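Work through the exercises below with the sequence and the model side by side, and try each task before reading its solution.

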Amino acid sequence: MAELTIRSAEAGDSEALKELLDTSWRTHWGPQVTAESRALYDRDMPAHGYVDACLDAFMVAERGGQVVGMYHLEGSQLHAIHVAMAEIGTGVGAALMEKAEADGAARLEVRAFNTRARAFYAARGWREIAEEDATEMGTPVRSIIMAR
């Protein structure tokens, strides 16, 4: 397996990041929301706008010349971390979290239904400190606030 590199995102990563975030949403969040919310996602493509607006703040994991993960850290708030489906369980997420934590990540929000991510964070020493109402493309959901 090729070596994993974590680096700042570059303009050339934009399309790969849009695909990564879109696939992640459709896989993890899409099944948890209403058909109307999925249709709204399809219409608005928020992952694309997110990449366009925040690309300069993203860190990417790259293996063999391919973007296989990313995170977005602002101050101590970890806004996003995503791993390509084929790379889940290969250490990409752990490497991204290690880098994000070293760079000051101390707080994040995760959807309550995302039990795999919650367990991953908890195994790294993150603790759930609050739960609140939220929405995902218009569907009511619960969010868990976690801290280190």
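**Exercise 1: the pockets**

The second largest pocket has a volume of about 200 Å³, where a pocket is, on a 1 Å grid over the protein atoms alone, an open set of points where a 1.4 Å probe fits, with protein on both sides within 12 Å along at least five of seven lines, and a volume is the space filled by probe spheres set on the points, joined across faces, edges and corners. This is a predicted model, in which local features need pLDDT of at least 70 and side-chain atom pairs count only at pLDDT 80 or more, while totals for chains, interfaces and linings use all residues. Residues are numbered from 1 along each chain as its sequence is written, and side-chain values use heavy atoms, with hydrogens and water left out.

Task: find which residues line the second largest pocket, and which element gives the largest share.

Solution. Begin with the lining residues, which have an atom within 4 Å of a point: they are Ala16, Glu19, Leu20, Thr23, Ser24, Gln66, Val67, Val68, Val83, Ala84 and Met85. Next, assign them to elements, taking helices (H or I, at least four residues) and strands (E, at least two) as DSSP runs numbered from the N terminus; α1 and β3 (66–74) each give two or more residues, and α1 has the largest share, with five. Finally, sort by class, with Ala, Val, Leu, Ile, Met, Phe, Trp, Tyr, Cys and Pro as nonpolar, Asp, Glu, Lys and Arg as charged, and the others, Gly among them, as polar: the lining divides into seven nonpolar, three polar and one charged.

Task: describe the largest pocket in the same order, starting from its volume.

Solution. The largest pocket holds about 1,000 Å³ of space. Its lining is made up of 37 residues, and Ser24, Trp29, Ile81, His82 and Asn114 are those nearest the centre. Strand β4 supplies the largest share of this lining, seven residues, and by class there are 20 nonpolar, 12 polar and five charged residues.

**Exercise 2: two glutamates**

Task: decide whether Glu87 is buried or exposed, and then place Glu132 on the same scale.

Solution. The scale calls a residue buried under 20% relative accessible area, exposed over 50%, and partly exposed in between (1.4 Å probe, protein chains only). Glu87, in the loop between β4 and α4, has a relative accessible area of 13% and is therefore buried. Leaving aside neighbours within four places in sequence, Glu87 is in contact (heavy atoms within 4.5 Å) with Arg63, Val68 and Val92. Glu132 lies in strand β6 and, because its relative accessible area is 38%, counts as partly exposed. With neighbours within four places again set aside, Glu132 is in contact with Glu109, Val141, Arg142, Ser143 and Ile145.

**Exercise 3: the faces of α4**

Task: explain why the buried residues of α4 can be said to line one face of the helix.

Solution. First list the buried residues of α4, namely Val92, Gly93, Leu96, Met97, Ala100 and Glu101. Seen down the helix axis, they fall within an arc of 160 degrees, so they line one face; the arc is that of the directions from the axis to the C-beta atoms. Then turn to the other side of α4, where Glu98 and Ala102 are exposed. Last, follow the packing: the buried residues of α4 pack against β1 (4–8), β2 (58–63), β3, β4, β5 and α5.
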